[in-house]
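Colleague: I'm new to this one and would like a close look at a single part. Please give me the overall setting and then walk me through the place where charged side chains pair up.

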Amino acid sequence: MIRLYISITFFLVAIGFHNSSGQTLINYTGTFDDGIASYEYYLSETGERMYHGAFTYKSVDDYKKDEIQISGKFKNNLKFGIWKYTFHWKDETVFGRLNRGKKIMISVNYDNGLLQGNCLYTEIENATNLMIKKPTIQF
């Protein structure tokens, strides 16, 4: 449960405040943290990477086979529009006790890097494929 909070906190943080004006977009696909990302960016006047365009990320824990997927868009280094976060944990046995795996899906809307509107949270149990929780938070 702690890793869920850490992951959500990490990925919900907006990346900075800058503008682009006539910059050339560069496509990147490759390693990013503990996974693979694909995104577009341009370089600021100081050489800083400024995210702009589609962003996707996928991480797979080779040991436990847990998975995180993220998709959304940046506009001038700020999250913009609908972002989707999916956390998928497999069943595991810890100290002889079976912890059922689950899939958590979060969908949020950003406007200029700020959360806007509803945050949809869905939790599904792997074994039964039944929805456990589906609360909505308004921003």
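Modeller: Of the 139 residues of the protein chain, 35% count as buried, where buried means under 20% relative accessible area, exposed over 50% and partly exposed in between, with a 1.4 Å probe and protein chains only. Before we zoom in, keep in mind that this is a predicted model: local features need pLDDT of at least 70 and side-chain atom pairs count only at pLDDT 80 or more, while totals for chains, interfaces and linings use all residues. Residues are numbered from 1 along each chain as its sequence is written, and side-chain values use heavy atoms, with hydrogens and water left out.

The chain's secondary structure comes to one helix and 12 strands; these are DSSP runs numbered from the N terminus, with helices being H or I of at least four residues and strands being E of at least two. Going from the N terminus, the helix comes ahead of the strands.

Now for your spot. The structure holds one salt bridge, meaning a side-chain nitrogen of Lys or Arg within 4 Å of a carboxyl oxygen of Asp or Glu. Here, the side chains of Glu-123 and Lys-102 are the partners, at 3.3 Å from N to O. Glu-123 belongs to strand 10 and Lys-102 to strand 8, so the pair ties together parts that are 21 residues apart in sequence. Why can such a pair form at all? Side chains of opposite charge can pair when their charged atoms come close.

Which of the two is buried, and which is partly exposed? Glu-123 counts as buried because its relative accessibility is 5%, whereas Lys-102, at 22%, counts as partly exposed.

The two strands that carry this pair turn up again in the largest nonpolar core, among the elements that give two or more residues to it: strand 8 (102–111) and strand 10 (118–125) are both on that list, which also includes strand 5 (78–89). A nonpolar core, by the way, is a set of buried Ala, Val, Leu, Ile, Met, Phe, Trp, Tyr and Cys residues joined through side-chain atoms within 4.5 Å. This one has 20 residues, and Phe-55, Trp-83, Tyr-85 and Ile-106 touch the most other members.

As for the whole chain, look at its contacts (heavy atoms within 4.5 Å). Among those between residues at least 6 apart in sequence, 31% join residues at least 24 apart.
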